[in-house]
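Please open the model in a viewer and keep the selection tool at hand. The tour moves from one selection to the next and states what is found at each stop.

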Amino acid sequence: MKSMELQQTIEDLKAGDRLALSKFLTHVEISENPIELVLKLYNKADRTTPIIGVTGFPGAGKSSLINSFISILRSKEKKIGVIAVDPSSLISGGSLLGDRTRMEQHSSDDNVFIRSLSSDGALGGISHKSFLLSLVMATFNFDFIFVETVGVGQSESDITKLADFSILTLAPGLGDSIQAMKGGVLEIVDLVLVNKSDKPESAQTFHQLKSIIDMAQAPEGKNFKIMTTNEKDREQNTKIITHIEKYLEKRLKLGKNKESYLWFVRQILYEKIEKSLVDQKILEKRNEGTFNENDISEIVKRIIKDLR
């Protein structure tokens with residue numbers, strides 16, 4: 001994308017142009033250096049839209065729940081963005097499940113923007129480019145952004161670093177859900193949802209999880225909840241949305257949204273340092289063996305010079 005075209009696209013995106021947003025997202029997806037594009041956008045805009053991460057095991061009903069949440073928020077005239085991160089096809093590398101099909105009823109709504117992406121095989125459920133695209137969408141004039149990640153068990157920490165509010169969705173009767181709770185998931189999520197509450201096993205799963213939560217040592221300052229629901233329970237899902245809204249409002253007042261932004265800045269710095277190492281082949285040019293202090297200092301000086 002040429003410089004003038006890029007600047008115009010950014011200006012249109014800031015003005016709320018959906019076509020400009022889609023165009024910019026595509027350029028980030030295909031770019032060899034996507035982080036530079038995102039940096040140019042953040043020079044012109046601030047991230048203001050809260051990101052809600054929805055993660056969990058395959059078959060937990062994440063897409064159906066998000067679909068229900070969208071319906072409730074649209075009744076309140078909220079503008080919604082969705083990134084659905086699907087498993088990658090081993091053949092094409094593209095997204096496999098097409099979560100957008102589960103939200104078909106909202107596809108013609110101009111106030112709902114849904115983007116399906118490949119996970120690129122990322123174990124944490126969200127690939128590097130998916131992370132950058134989420135940040136791009138967070139500068140658009142949405143009221144909420146949902147990022148649904150591929151469920152891969154206990155490697156769901158990526159989305160929690162990006163999201164302002166993280167939901168772990170579990171289905172009743174799955175032993176994996178209990179193992180997840182024992183595996184430290186409580187440290188990284190804000191809400192545990194036992195989905196498909198219309199199934200007879202849901203009550204037992206809820207009580208098992210609640211017992212684990214009650215006995216667990218919650219991280220300092222962490223205040224998570226466990227709730228049951230299903231995609232058709234509009235009353236309960238409205239309560240969930242209200243809980244999320246209150247949490248986000250409190251987080252904003254406490255300035256907690258700055259924490260995720262600082263994490264984003266660190267990721268950019270790490271990315272640029274790694275790129276400098278690769279581009280200059282600094283490590284490859286070194287003789288194999290132990291690095292001493294002078295070697296490390298010289299590498300740091302070269303990286304700083306390159307970053308300038």
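The stops below begin with the whole chain and then turn to individual elements and residues.

**Before selecting**

The model is predicted: local features need pLDDT of at least 70, side-chain atom pairs count only at pLDDT 80 or more, and totals for chains, interfaces and linings use all residues. Residues are numbered from 1 along each chain as its sequence is written, and side-chain values use heavy atoms, with hydrogens and water left out.

**The whole chain**

Display the chain as a cartoon: there are 12 helices and 7 strands. Helices (H or I, at least four residues) and strands (E, at least two) are DSSP runs, numbered from the N terminus. Of the 308 residues, 46% count as buried. Here buried means under 20% relative accessible area, exposed means over 50%, and partly exposed lies in between (1.4 Å probe, protein chains only).

Switch to a surface display. The chain exposes about 16,300 Å², of which carbon and sulfur atoms supply 49%; accessible areas come from the Shrake-Rupley method with a 1.4 Å probe, and for residues only the protein chains shown count as cover. Among contacts with a separation of 6 or more, 75% are between residues 24 or more positions apart, a contact being heavy atoms within 4.5 Å.

**Strand E5 and its neighbours**

Select residues 165–170, which form strand E5. All 6 of the 6 residues of E5 are buried, so the strand is largely enclosed by the rest of the structure. Show the side chains: Phe165, Ile167 and Thr169 point one way, and Ser166, Leu168 and Leu170 point the other way.

Add strand E1, residues 51–56, which pairs with E5 in the parallel sense over 5 bridges. Two strands pair if DSSP finds at least two bridges between them. Which residue of E5 is the bridge partner of Ile52? The partner is Phe165.

Now add strand E6, residues 191–194, which runs parallel to E5 and is joined to it by 4 bridges. Between these two strands, Leu170 has Val194 as its bridge partner.

**Aromatic pairs**

How many aromatic pairs does a search of the whole structure find? The search finds 4. Rings of Phe, Tyr and Trp (its six-membered ring) pair if their centres lie within 6.5 Å; planes under 30 degrees apart count as stacked, over 60 as edge-to-face and the rest as tilted.

Select Phe69 and Phe146. Their ring centres are 6.0 Å apart and their planes lie at 25 degrees, so this pair is stacked. The pair links distant parts of the chain, with Phe69 in helix H4 (residues 62–75) and Phe146 in strand E4 (residues 144–148), 77 residues apart. Phe69 is buried at a relative accessible area of 1%, and Phe146 is buried at 0%.

Return to Phe165 and add Tyr247. This aromatic pair is edge-to-face, at 4.9 Å centre to centre and with 80 degrees between the planes. Phe165 belongs to E5 and Tyr247 to helix H9 (residues 234–253), so the pair ties together parts that are 82 residues apart in sequence. Phe165 is buried, at 0% relative accessible area, whereas Tyr247 is partly exposed at 24%.

Next, select Phe113, Phe140 and Phe142, which form one aromatic cluster.

**Loop residues**

Select Asn230, in the loop between strand E7 (225–228) and H9. Asn230 is buried, with a relative accessible area of 12%. Not counting residues up to four places away in sequence, Asn230 touches Leu65, Asn195, Lys196, Ser197, Asp198 and Asn237.

One of these, Lys196, is the next selection. Lys196 lies in the loop between E6 and helix H8 (202–215), and its phi is positive, near 60 degrees. Most residues other than glycine have a negative phi. Is Lys196 buried, partly exposed or exposed? At 24% relative accessibility, Lys196 counts as partly exposed.

Move to Glu77, in the loop between H4 and strand E2 (80–86). Glu77 also has a positive phi, of about 60 degrees, although it is not a glycine. Glu77 counts as exposed, at 68% relative accessibility.

**A final selection on helix H12**

Select Ile296, which lies in helix H12 (residues 293–307) and is partly exposed at 43% relative accessibility. Add Val300 and Ile304 to complete a nonpolar surface patch of about 230 Å². Patches are made of residues with over 30% relative accessible area and no salt bridge: like charges are joined within 9 Å, nonpolar side chains (Val, Leu, Ile, Met, Phe, Trp, Tyr) within 5 Å. A salt bridge is a side-chain nitrogen of Lys or Arg within 4 Å of a carboxyl oxygen of Asp or Glu.
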